[in-house]
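Please open the structure in the viewer and display the whole chain. The tour begins with the surface and then proceeds to individual selections.

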Amino acid sequence: MSADANATMLSILFFCALSAASAIYLILELGQPFDGLMQVPSDPLRQALAPL
């Protein structure tokens, strides 16, 4: 990382930053399962809780 910047190093840093950002985004999305980009339908859960 202390050497001159070249295409290989820049591409690896870009993909590592993209991977870390994606992981943080997915962790935050899992905290809100009924909202956001990836939504879990609540109908099966409601049907399972109805008999209880």
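Begin with the accessible surface of the chain: about 4700 Å² is exposed, and carbon and sulfur atoms supply 69% of it. The model under inspection is a predicted one. If the residues are coloured by burial, the buried ones make up 2% of the 52 residues in the chain.

Next, switch to a cartoon representation, in which two helices and zero strands appear. The chain is more spread out than a compact globule, because its radius of gyration is 20 Å, well over the 10 Å that the globule rule gives for 52 residues. Aligned along the principal axes, the C-alpha atoms fill a box of roughly 65 × 15 × 10 Å.

Now select Phe 34, Val 40, Leu 45, Leu 49 and Leu 52, and show their side chains. Together these residues make a nonpolar surface patch of about 540 Å². Within this selection, centre the view on Leu 52, which lies in the segment after helix H2 (43-49). Is Leu 52 buried or exposed? With a relative accessible area of 84%, Leu 52 is exposed, since the cut-off for that class is over 50%.

Finally, turn to the aromatic rings. How many aromatic pairs does a search of the whole structure find? The search yields one. Select Phe 14 and Phe 15: their ring centres are 5.5 Å apart and their planes stand at 65 degrees, so the pair is edge-to-face. The angle qualifies because edge-to-face requires planes over 60 degrees apart. Both Phe 14 and Phe 15 are exposed.

Terms used. Residues are numbered from 1 along each chain as its sequence is written. This is a predicted model: local features need pLDDT of at least 70, side-chain atom pairs count only at pLDDT 80 or more; totals for chains, interfaces and linings use all residues. Side-chain values use heavy atoms; hydrogens and water are left out. Patches are made of residues with over 30% relative accessible area and no salt bridge: like charges are joined within 9 Å, nonpolar side chains (Val, Leu, Ile, Met, Phe, Trp, Tyr) within 5 Å. Accessible areas come from the Shrake-Rupley method with a 1.4 Å probe; for residues, only the protein chains shown count as cover. A salt bridge is a side-chain nitrogen of Lys or Arg within 4 Å of a carboxyl oxygen of Asp or Glu. Helices (H or I, at least four residues) and strands (E, at least two) are DSSP runs, numbered from the N terminus. Buried means under 20% relative accessible area, exposed over 50%, partly exposed in between (1.4 Å probe, protein chains only). Rings of Phe, Tyr and Trp (its six-membered ring) pair if their centres lie within 6.5 Å; planes under 30 degrees apart count as stacked, over 60 as edge-to-face and the rest as tilted. The radius of gyration is taken over C-alpha atoms; the globule rule is 2.2 Å times the number of residues to the power 0.38.
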